Amino acid sequence: MTINKYTPIYKITTAYPQLIPLLVKRNSRFNCLNNPIPPCSPGYVATVGNIAFVAGEKEEELVAFLKEEIKRIEIQYRY
């Protein structure tokens with residue numbers, strides 16, 4: 001999966017639900033990710049760039065954090 005600022009957060013959190021607690025720990029504004037996202041809601045199409053803006057973080061830093069954590073998760077499950 002390619003992660004950039006245009007990637008929908010819904011796709012990332014469904015593929016890697018382990019990221020949700022890490023994001024909440026990083027910034028409390030990500031706490032809304034704990035709730036299920038209905039398909040016809042704005043949260044379904046929100047991108048990494050959108051949630052970075054809402055949380056007050058830089059897009060590049062959030063993308064780098066997500067890539068690093070996904071790499072760590074994949075290594076854990078590989079071994």
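A residue is counted as buried when its relative accessible area is under 20%, and Thr-47, with a relative accessible area of 16%, is therefore buried. The structure described here is a predicted model, and the account that follows begins at this threonine before turning to the helices and the loops around it.

Thr-47 belongs to the loop between H3 and H4. The side chain of Thr-47 is joined to that of Asn-50 by a polar contact of 2.8 Å. When neighbours within four places in sequence are left aside, the residues in contact with Thr-47 are Lys-5, Tyr-6, Thr-7, Pro-8 and Ile-9.

Helix H4 spans residues 48-55, and its buried residues are Val-48, Gly-49, Ile-51, Ala-52 and Ala-55. Around the axis these residues cover an arc of only 165 degrees, which places them on the same side of H4. In an α-helix there are 3.6 residues a turn, so residues three or four places apart point the same way. The buried residues of H4 pack against H1 and H5, whereas Phe-53 and Val-54, on the other side of H4, are exposed. After H4 comes Gly-56, a residue whose phi is positive, near 80 degrees.

A comparable description can be given for helix H2, which comprises residues 19-26 and has Leu-19, Ile-20 and Leu-23 as its buried residues. Viewed down the axis of H2, these buried residues fall within an arc of 100 degrees, so they line one face of the helix. The partners against which the buried residues of H2 pack are helix H1, residues 9-15, and helix H5, residues 59-78. Pro-21 and Lys-25, by contrast, are exposed on the other side of H2.

The loop between H4 and H5 contains Glu-57, which is buried, with a relative accessible area of 17%. Two polar contacts are made by the side chain of this glutamate, one with the side chain of Arg-26 at 2.9 Å and another with the side chain of Asn-27 at 3.2 Å. Apart from neighbours within four places in sequence, Glu-57 is in contact with Arg-26, Asn-27, Phe-30, Ala-52 and Leu-62; of these, Arg-26 lies in helix H2, and Ala-52 is one of the buried residues of H4.

Two further glutamates, Glu-59 and Glu-61, are found in helix H5. Glu-59 counts as partly exposed, at 26% relative accessibility, and Glu-61 is likewise partly exposed, with a relative accessible area of 43%. Not counting residues up to four places away in sequence, Glu-59 touches Lys-5, Gly-49 and Ala-52; Gly-49 and Ala-52 are among the buried residues of H4, and Lys-5 is also in contact with Thr-47. Between Glu-59 and Gly-49, which are 10 residues apart in sequence, the distance in space is 5.5 Å, taken from C-alpha to C-alpha. For Glu-61 and Ile-20, which stand 41 residues apart along the chain, the C-alpha atoms are separated by 16 Å.

The largest pocket has a volume of about 210 Å³. Its lining is formed by 16 residues, and those that lie nearest its centre are Cys-32, Leu-33, Gly-43, Ala-46 and Ile-51. Helix H3, residues 42-45, and H4 are the elements that give two or more residues to this lining, and H4 gives the most, with 4 residues. Considered by class, the lining of the largest pocket has 12 nonpolar, 3 polar and 1 charged residues. Ile-51, which lies among the residues nearest the centre of the pocket, is also one of the buried residues of H4.

In the loop between H2 and H3 is Pro-36, which is exposed, with a relative accessible area of 73%. Pro-36 and Lys-25 are separated by 11 residues in sequence and by 18 Å in space, C-alpha to C-alpha; Lys-25 is itself exposed, on the side of H2 other than that of its buried residues.

How values were computed: Residues numbered from 1 in each chain as written. Predicted model: local features only at pLDDT ≥ 70, side-chain atom pairs only at ≥ 80, totals over all residues. Heavy atoms only, no water. Buried < 20%, exposed > 50% of the residue type's maximum accessible area, 1.4 Å probe, protein only. Arc of directions from axis to C-beta. Contact = heavy atoms within 4.5 Å. Polar contact = N/O pair within 3.5 Å; in protein donor to acceptor, adjacent residues only side chain to side chain. 1 Å grid on protein atoms, 1.4 Å probe; cavity = no way out; pocket = protein on both sides within 12 Å on 5 of 7 lines; lining within 4 Å. Points joined across faces, edges and corners; volume = space filled by probe spheres on them. Nonpolar A, V, L, I, M, F, W, Y, C, P; charged D, E, K, R; others polar.
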